[in-house]
Amino acid sequence: MIKTYLFLMIFIFVNFFAHDRIYPALPSDDITDIHFISESEILFINAGGGIFKSYDGGYTWEQKALYQNKQLFKISFHDDVKGTILAYGVTSLVPSGFINTYDGGETWKFFDLPVSNTNDILLLDEGIVLRSDIYGNIIRQINSVSTRDTVYSMPKFTVNEGEFGDVLYPFGYITQFERLPSGQIMALGYNYYAKNFELIDDSL
């Protein structure tokens, strides 16, 4: 038993100290998402509109683009070269949309598109994005033009809210997309509103 505990302690300490903790010089804006192209090539975006890339596993970073007056929230890549970022204007007067790259994050181009109330995005291939919104919809959208269609809608129910009358709520909403090794796509979410109004017992 003592030998087993000793082995576990050594194993834990070896694995703990095998990882380097680094503190690169970065802007103070909150990092909102990160994407690993490889072990050495990494991209992150922040709430200040910055897109940064590392070529050495995160020790040093280069700013690849800066979109002032925009907050960047989600980043999704289809492969090593094609990617898209969800960008919101900081006010209603500043356009929102997608910022696209076709060269692994070296250069980026903004497209003014309707993307309000988005929870998550998934780039399917060059130009096609799945987007989930707070109303329980999944929208299939091209990330360079306004063409889009709703491919799934969450079931809905009505609640009488007194002076406001009947209000229509979705059972919940999709919070995350996952691409499976088989190529299938899983949409993860929870039935927040249905659980909150005690229509169901389980929110998943």
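**View 1. Four strands contribute to the lining of the largest pocket.** Welcome to the pocket: strand S1 (31-36), strand S5 (70-77), strand S9 (118-125) and strand S15 (173-179) each supply at least two residues of its lining. Please keep in mind that this is a predicted model. The largest pocket holds about 300 Å³ of space. Its lining is made up of 14 residues, and those nearest the centre are Ile75, Ser76, Ile121, Leu122 and Phe177. Sorted by class, the lining has 6 nonpolar, 3 polar and 5 charged residues.

**View 2. Strands S9, S10, S11 and S12 form an open sheet.** This sheet has 4 strands in the order S9-S10-S11-S12, and their pairing is antiparallel. S9 and strand S12 (148-153) each have a single partner strand, so these two edge strands are left with one side that has no neighbour in the sheet. On average, neighbouring strands here are turned by 25° against each other, direction ignored. S9 also takes part in View 1, as one of the strands that supply at least two residues to the pocket lining.

**View 3. A hairpin joins S10 and S11.** Here we look at strand S10 (residues 128-133) and strand S11 (residues 137-142), which run antiparallel and are joined by 5 bridges. Two of the residue pairs are easy to pick out. Valine 129 has glutamine 141 in S11 as its bridge partner, while leucine 130 has arginine 140. The hairpin has 3 residues between its strands, and glycine 136 in the turn has a positive phi of about 85°.

**View 4. A further hairpin takes S11 on to S12.** Moving along the sheet, S11 and S12 run antiparallel and are joined by 5 bridges. Asparagine 137 finds its bridge partner in S12, namely serine 153. In this hairpin, 5 residues lie between the two strands.

**View 5. Asparagine 119 and its surroundings.** Asparagine 119 sits in strand S9. A polar atom of its side chain lies 3.4 Å from the backbone oxygen of aspartate 133. Leaving aside residues up to four places away in sequence, asparagine 119 touches Lys74, Ser132, Asp133, Ile134, Tyr173, Ile174 and Thr175. If you are tracing these contacts, Lys74 falls within S5 (70-77), and Tyr173, Ile174 and Thr175 fall within S15 (173-179).

**View 6. Strands S5, S6, S7 and S8 form an open sheet.** Another set of 4 strands is arranged in the order S5-S6-S7-S8, again with antiparallel pairing. The edges are taken by S5 and strand S8 (109-112), and each has a single partner strand, so one side of each lacks a neighbour in the sheet. Neighbouring strands are turned against each other by 25° on average, direction ignored. Within this sheet, strand S6 (residues 83-89) pairs with strand S7 (residues 97-101) over 5 bridges in the antiparallel sense. One pair to look for is alanine 87 with its bridge partner glycine 97 in S7.

**View 7. Threonine 158 and its contacts.** Threonine 158 belongs to strand S13 (residues 156-160). From C-alpha to C-alpha, threonine 158 and tyrosine 169 are 6.2 Å apart in space, with 11 residues of separation in sequence. Not counting residues up to four places away in sequence, threonine 158 touches Asp166, Val167 and Leu168.

Technical notes. Residues numbered from 1 in each chain as written. Predicted model: local features only at pLDDT ≥ 70, side-chain atom pairs only at ≥ 80, totals over all residues. Heavy atoms only, no water. 1 Å grid on protein atoms, 1.4 Å probe; cavity = no way out; pocket = protein on both sides within 12 Å on 5 of 7 lines; lining within 4 Å. Points joined across faces, edges and corners; volume = space filled by probe spheres on them. Nonpolar A, V, L, I, M, F, W, Y, C, P; charged D, E, K, R; others polar. Pairing = 2+ DSSP bridges. Axes fitted to C-alpha atoms, helices over the stretch in contact; angles between N-to-C directions. Polar contact = N/O pair within 3.5 Å; in protein donor to acceptor, adjacent residues only side chain to side chain. Contact = heavy atoms within 4.5 Å.
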